[in-house]
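Visitor: I would like to learn how the descriptive words used for a protein model are justified. Could you take me through some of them slowly?

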Amino acid sequence: MSTTGATADPLAALGSLPGVAESVESVRKAVDRVYGHRIMRRRSNEITSEAALRGARGSAALSGSDWALEEVRRRTDFSGDGEGRTVGAALRLTAEAGQLLSIWRQSPLRVLARLHLVAAADREGAVGRPRQDGEPVDEPLVELPLPEASEVAGRLEGLSQLIIAGGSAPALVTAAVVHGELLALRPFGTHNGLVARAAERIVLVGSGLDPKSVCPAEVGHAELGRAAYLAALDGYVSGTPEGMAAWIAHCGKAIELGARESTAVCEALQRGAA
């Protein structure tokens with residue numbers, strides 16, 4: 001996303017794209033339904049914990065490790081193979097994201113570096129910093145052209161400035177742009193998808209849209225499927241108004257599905273079935 005132009009608040013300008021306002025309102029209603037559930041008044045910590053587990057499972061699935069929820073819940077050792085390490089990284093990121101909320105608005109680049117360090121804890125080499133020219137990127141599920149390191153640095157700085165400056169953009173728009181930009185740039189050598197989705201989660205929680213982190217967008221992204229995810233990402237990368245609006249709407253639908261998942265968990269708890 002270009003961070004320059006005539007408007008002083010390009011993120012807010014995206015909110016006026018066709019269909020975006022409707023997506024924002026639909027997301028708000030879905031989130032309100034979860035927070036209005038009677039179980040949330042008494043057992044919100046349980047809903048948060050379950051949403052974290054399901055969100056991590058969904059994010060790992062999009063990165064090629066599509067494990068059953070009960071397998072993720074049961075497993076204690078994630079070091080055995082590539083899929084296990086991906087699931088373990090997703091779980092670590094979910095736990096870490098909640099600790100970084102206070103830092104995000106002051107130093108988003110520091111947070112992104114920390115997220116990558118946590119995700120790549122079982123790897124050696126270039127971890128916790130953006131890649132340099134000539135360094136490989138292991139992100140086989142995203143096959144878009146890879147920007148040069150100099151472009152990555154400039155766009156990350158521009159994104160950081162927008163976040164620090166704040167503005168009037170809806171949380172959905174900001175979260176979608178952070179998510180899309182990180183996927184488009186793939187600033188790290190590994191785990192870019194996991195980091196992008198964790199950063200989306202930080203925006204949604206930190207903005208106050210989902211303060212208890214009970215609407216895991218990662219669940220929705222996984223449910224919508226990898227093909228739809230990548231097709232929507234193509235729209236973001238195109239930079240066209242239609243493409244940007246389609247990506248934002250896709251992210252909005254993912255949040256709605258995450259909210260629906262937690263509503264179902266609330267219902268199960270209410271019935272005494274979970």
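Guide: Let us begin with S213, which counts as partly exposed because its relative accessibility is 21%, where buried means under 20% relative accessible area, exposed over 50%, and partly exposed in between, with a 1.4 Å probe and protein chains only. The model is a predicted one, in which local features need pLDDT of at least 70 and side-chain atom pairs count only at pLDDT 80 or more, while totals for chains, interfaces and linings use all residues. Residues are numbered from 1 along each chain as its sequence is written, and side-chain values use heavy atoms, with hydrogens and water left out.

Visitor: What is noted about the phi of S213, and where is the place of S213?

Guide: S213 is not a glycine, yet its phi is positive, about 55°, and its place is in the loop between α10 and α11 (217-224). Most residues other than glycine have a negative phi.

Visitor: Why does R186 count as buried or exposed?

Guide: The relative accessibility of R186 is 3%, and therefore R186 counts as buried. R186 sits in the loop between α9 and α10, and its phi, near 45°, is a positive value in a residue other than glycine.

Visitor: Why is E46 called partly exposed?

Guide: E46 has 37% relative accessibility, so it counts as partly exposed. E46 lies in helix α3 (residues 40-62), and its C-alpha atom is separated by 9.6 Å from that of V214, although the two are 168 residues apart along the chain.

Visitor: How do you know that the span of helix α7 agrees with what is expected?

Guide: A helix here is a DSSP run of H or I with at least four residues, strands being E runs of at least two, and both are numbered from the N terminus. The expected span is 1.5 Å times one less than the number of residues, so the 12 residues of α7 (residues 108-119) should span 16 Å, and the end C-alpha atoms are indeed 16 Å apart. The buried residues of α7 are P108, V111, L112, A113, L115, H116, V118 and A119, and what covers them includes α5 (82-97), α6 (101-104), α8 (149-165), α9 and α10 (192-206).

Visitor: Why are α9 and α10 roughly parallel or roughly antiparallel to each other?

Guide: Axes are lines fitted to C-alpha atoms, for helices over the stretch in contact, and angles run from 0 to 180 degrees between N-to-C directions. Angles under 35 degrees count as roughly parallel, over 145 as roughly antiparallel, 65 to 115 as roughly perpendicular and the rest as oblique. The axes of α9 and α10 come within 8 Å and cross at roughly 165°, and the two helices are therefore roughly antiparallel.

Visitor: What makes α5 and α10 another case?

Guide: Their axes come within 10 Å and cross at roughly 25°, so α5 and α10 are roughly parallel to each other. The contact (heavy atoms within 4.5 Å) is made by T86, A89, A90, L93 and A97 of α5 and L194, V195, A198 and I202 of α10.

Visitor: What makes a nonpolar core, and which residues touch the most other members of the largest one?

Guide: Such a core is a set of buried Ala, Val, Leu, Ile, Met, Phe, Trp, Tyr and Cys residues joined through side-chain atoms within 4.5 Å. The largest has 78 residues, of which W104, L112, L115 and W247 touch the most other members. α9 gives the most to this core, with 11 residues, and 15 of the 15 residues of α9 are buried.
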